[in-house]
Amino acid sequence: MCKECFYWAFETEIHFTIVKAKLFEKGDYVAIGASGGKDSTVLAYVMKTLNERYDYGLKLVLLSIDEGITGYRDDSLETVKRNRDQYGLPLKILSYQDLYGWTMDQIVETVGRKNNCTFCGVFRRQALDRGAMQLGVDKIVTGHNADDIAETIVMNILRGDVARLQRCTNISTSSEQSPTPAESDASVIPRSKPFKYTYEKEIVMYAYFKKLDYFSTECIYSPNAYRGHARTYIKDLEKIRPMAILDIIHSGEHLKFNESVKEKMPVQGKCTRCGYISSMEVCKACLLLEGLNKGLPKLGVGKSSKVKRAVMSNAPTSAKSSDKTKLDF
Ligand code: SF4
């Protein structure tokens, strides 16, 4: 394929994915999760291009989360700010420091390098929702690509995490995670992945030939060891047979779960602490935060009932003041 035909095929496939899955409605206000990395930079560029080419009628905004990682996120946010100017899209940045009272640098100093991504991932997910709620958007899109989804499927299989396995192939979270009307104040804004069927290699090629301005350095606290193994495995498979990535997604989409497993699926409710959607009485972010603030960071990791007892107790905090336990809406 020549360059021009590659651009056309790349963009049109994403357009077909968006249309087939009915990801948007005319007039939707959509936040693009923007990290400055290749995936989200290409996503912002392609969303803007398709919105104009096919008249989706969307209002787009960039939404970034500043985890507080010196030498990584501060630099990548500079890229997002340039993208804001290059694409003429507004940008909102929310920081862990403001939302949780902790930066990732401080968390890593406290918990070490083993479980840092657990804290970071849980906090980021909530932070994106909180930013989206503040903006009043209807939907969020993220740059997760086919390789990411295949990795997640493999990881969930290896972990036996059936609940996540059922959810991780969905292109949009709207159907399976929307709360009931009674819980609407805890609502999670629908999230979708327009790159669900787009290979990472194509995204890199597109960004490279289009000369898009993106940040390519890895997080200084990466890799997440477990995902790293899944990633290596998927990349090895891809070398032998590139279709393996889409085939894993196809298999994940068509798995059938027996009724007895389905019955054990957690019921979504609201966190009694912060009001965020949660299948537990206290959401994972509040548990992790409480562990940090009590100077017992490891208690927030894992599923042990000991964790819950320690967190729910009124024991005095030993490391950080308790004013950090309440999440900022
Ligand atoms: Fe956060 Fe881990 Fe990703 Fe770094 S690698 S941004 S610490 S989740």
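**View 1. Salt bridges across the predicted model.** The structure holds 26 salt bridges. This is a predicted model. Side chains of opposite charge can pair when their charged atoms come close. The next three views each show one such pair.

**View 2. Arg82 pairs with Asp213.** The closest N and O atoms of this salt bridge are 2.6 Å apart. Arg82 lies in helix α3, which covers residues 73–87. Asp213 lies in the loop between α10 (200–209) and α11 (225–240). The two partners are 131 residues apart in sequence, so their salt bridge ties together parts of the chain that are separated along it. Arg82 is partly exposed, with a relative accessible area of 38%.

**View 3. Asp39 pairs with Lys38.** Here the closest N and O atoms are 3.1 Å apart. Are the two partners buried or exposed? Asp39 has 15% relative accessibility and counts as buried. Lys38 has 17% and counts as buried too. The reason is the cut-off: buried means under 20% relative accessible area.

**View 4. Asp85 pairs with Arg84.** In this salt bridge the closest N and O atoms are 3.0 Å apart. Asp85 counts as exposed, at 54% relative accessibility. Arg84 counts as partly exposed, at 30%.

**View 5. A network of salt bridges.** Which residues do shared partners join into one network? The members are Lys38, Asp39, Asp147, Asp148, Glu151, Glu200, Lys201, Arg227, Arg231, Lys235 and Glu238. Lys38 and Asp39, the pair from View 3, are among them.

**View 6. The shell around the ligand.** Which residues surround the ligand? They are Ile69, Asn116, Cys117, Cys120, Arg124, Cys219, Tyr221 and Ser222. By class, the shell has 5 nonpolar, 2 polar and 1 charged residues. Arg124 is in the shell, and Arg counts as charged.

**View 7. The whole chain, for orientation.** The chain has 15 helices and 7 strands. How much of the chain is buried? Of its 329 residues, 48% count as buried. The chain exposes about 16,400 Å². Carbon and sulfur atoms supply 55% of that area. Now look at the contacts with a separation of 6 or more. Residues 24 or more positions apart account for 76% of them. The Arg82–Asp213 salt bridge in View 2 links residues 131 positions apart.

Definitions and conventions. Residues numbered from 1 in each chain as written. Predicted model: local features only at pLDDT ≥ 70, side-chain atom pairs only at ≥ 80, totals over all residues. Heavy atoms only, no water. Helix = DSSP H or I, 4+ residues; strand = E, 2+ residues; numbered from the N terminus. Buried < 20%, exposed > 50% of the residue type's maximum accessible area, 1.4 Å probe, protein only. Contact = heavy atoms within 4.5 Å. Areas by Shrake-Rupley, 256 points an atom, 1.4 Å probe, with all protein chains shown as cover. Near = heavy atom within 4 Å. Salt bridge = Lys/Arg side-chain N within 4 Å of Asp/Glu carboxyl O.
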